[in-house]
Amino acid sequence: MNKETNKKSGKKLRVDKILSHLGLATRSESKKLAKQGRITVDGQPIKDTGLQVDPETAAIELDGQAVRYREFVYLLLNKPQDVVSATEDKWDRTVIDLLDPEYLAFELFPVGRLDKDTEGLLLLTNDGQLAHELLSPRKHVPKTYEAIVLGAVDEADADAFRAGVTLDDGYQTMPAELEIVRRYESEGADHAEIRLTIKEGKFHQVKRMFEAVGKQVVFLKRISMGTLVLDPQLELGEYRELSEEELASLRGE
Ligand code: URA
């Protein structure tokens, strides 16, 4: 089934399929639940779980709890340090481990990666097409980071980043915008608070760009990706679903 077509045409789906898609009940469990009168559609208990309904508009309830069907889920996460941007990992906690069980059936994955010690904005979704568009190197989606850098960051670095710097593997970066927010001294060493916007996403790119100009990133946080901005209400490790406006603008609508 074409998921997009299904969504746009308001095509109907079987109730048992909806419940199983959401991880709420297998097909045979649904049958039992229906027999016990625990599934209602538009207020009426259903006997036949093969009943076809429009999942976007039908009011389905299981044990009196509304069943919110949606094909795609989009979560804005404020990633903490020490959590990896992966769906599973042998040793470390993953961003998926931060989610409530109700989200697990959606098989969400992170859109791109942040290093284990990087904080901030990470989009989690099961919408492969949107993920692909945001990550495509041809789309040049801007990503803005805040960082604390060890070293005397100055306008020469901003000029170098604007021109493109050569990373340790010989890769020449695309023009990037560096804003020096504050320079200060700590423990006898020069530091700077900066904001950097890059339009690509090479491995450890921000850290390696500063290494290319002889400086070291000691703290890194992503604050935006495309039109999506980190919500200051979200504490580290917290997340929320995107608003319709955020999603539409992320899609360029
Ligand atoms: N650049 C980095 O060096 N690390 C990140 O996590 C993201 C961008």
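Here is a short chat about where the ligand sits in this predicted model.

Local features need pLDDT of at least 70 and side-chain atom pairs count only at pLDDT 80 or more, while totals for chains, interfaces and linings use all residues. Residues are numbered from 1 along each chain as its sequence is written, and side-chain values use heavy atoms, with hydrogens and water left out.

Reader: Which domains does the ligand lie between?
Author: The bounds come from an automatic or database domain assignment, which splits the chain into domain 1 (2–66), domain 2 (74–137 + 228–250) and domain 3 (143–225). Two of these both give residues to the shell around the ligand, so the ligand lies between them: domain 2 and domain 3.

Reader: Which helix gives the most to the shell around the ligand?
Author: A residue is in the shell if one of its heavy atoms lies within 4 Å of the ligand; among them are Tyr145, His204, Gln205, Val206 and Lys207. Helices are DSSP runs (H or I, at least four residues), numbered from the N terminus. With 3 residues, the top giver is helix H6 (residues 205–212).

Reader: What lies 2.7 Å from a nitrogen atom of the ligand?
Author: Let's go through the polar contacts, meaning pairs of N or O atoms within 3.5 Å. Thr118 has a side-chain N or O atom 2.9 Å from a ligand oxygen, and His204 puts a backbone N or O atom 3.2 Å from a ligand oxygen. The 2.7 Å partner of the nitrogen is a polar side-chain atom of Asp115.

Note on methods: A polar contact is a pair of N or O atoms within 3.5 Å; within protein, one must be able to donate a hydrogen and the other to accept it, and residues adjacent in sequence count only if both atoms are side-chain atoms. Helices (H or I, at least four residues) and strands (E, at least two) are DSSP runs, numbered from the N terminus.
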